[in-house]
Amino acid sequence: MRLANTSLQALGGLLLCGILLAGCQGLREQENLYTALGGEEGIRVITENFIRQIANDERVIDHFEYSNVQRFREKMHEHLCLVAEGPCAYSGDSMIDTHTGMGITEGDFNAIVEDMMAALDEAGIPISTQNRLLARLAEFRGEILYR
């Protein structure tokens, strides 16, 4: 009886270790969004896809009519990299300064989110990773709407 009890305890301990290690692996994967997005190259691809989506979106393209596309590309790349906790710095204007005078409505904002989702889909980013990025970007909503 004592031997069986010890074996069960050992088995239970092994199972617990396995569960804990699997949980730690999942946390480690979720901690680094930058890597999950494909690092520097992934962010570059997402940025290019996003610009293309906006350019083809009649709902919002007017908001970008006078934009310097190269500057937008650079600052969007920096912003995505920073939001994803990558090794970069954002050198652009604040979200409030950038969007003041644009009059972005709820509908415009939702269209841009759809454009970002399409850009992420096109880059082959898994839905769970997309959701992590979109949740972080959503934090800027109040700095963008109705400015």
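Leaving aside its neighbours within four places in sequence, which residues is Leu37 in contact with? I'll start there and work outwards. One caveat before that: this is a predicted model.

The contacts of Leu37, with those sequence neighbours left out, are Gly42, Ile43, Ile46, Ala84, Leu120, Ile125, Thr129 and Leu133. Leu37 also belongs to the largest nonpolar core, which has 22 residues. Leu37 is listed there among the residues with the most contacts inside the core, together with Ile46, Leu80, Met116, Leu120 and Leu133. Five helices give two or more residues each to this core: α2 (33-36), α3 (39-55), α4 (69-83), α6 (106-122) and α7 (127-138). As general background, nonpolar side chains in soluble globular proteins tend to be buried together.

Next, two acidic residues. Asp57 sits in the loop between α3 and α4, while Asp115 is part of helix α6. Are they buried or exposed? Asp57 has a relative accessible area of 6%, so it counts as buried, the cut-off being under 20%. Asp115 has 4%, so it is buried as well. The two also touch each other. Not counting residues up to four places away in sequence, Asp57 touches Ala111 and Asp115. On the same basis, the list for Asp115 is Phe50, Gln53, Ile54, Asp57, Arg59 and Val60. Note that Arg59 is on that list.

Phe50 brings me to the rings. How many aromatic pairs does a search of the whole structure find? It finds two. One of them joins Phe64 and Phe72, edge-to-face, with 5.6 Å centre to centre and 75° between the planes. Phe64, at 19% relative accessibility, counts as buried. Phe72, at 23%, counts as partly exposed. These two values lie on either side of the 20% cut-off, which is why the labels differ. Ring pairs link Phe50, Phe64 and Phe72 into a cluster.

Last, the cysteines. The structure holds one disulfide. Cys81 and Cys88 form it, with their sulfur atoms 2.2 Å apart. The angle about the S-S bond is -120°, and the link is left-handed. What does the accessibility say about the two ends? Cys81 is buried, at 1% relative accessibility. Cys88, at 27%, is partly exposed.

To recap: a 22-residue nonpolar core, a buried Asp57 touching a buried Asp115, a cluster of Phe50, Phe64 and Phe72, and one disulfide. That's what I have.

Note on methods
Residues numbered from 1 in each chain as written. Predicted model: local features only at pLDDT ≥ 70, side-chain atom pairs only at ≥ 80, totals over all residues. Heavy atoms only, no water. Disulfide = S-S within 2.5 Å. Buried < 20%, exposed > 50% of the residue type's maximum accessible area, 1.4 Å probe, protein only. Core = buried A, V, L, I, M, F, W, Y, C linked by side-chain atoms within 4.5 Å. Helix = DSSP H or I, 4+ residues; strand = E, 2+ residues; numbered from the N terminus. Contact = heavy atoms within 4.5 Å. Phe/Tyr/Trp six-rings, centres within 6.5 Å; stacked < 30°, edge-to-face > 60°.
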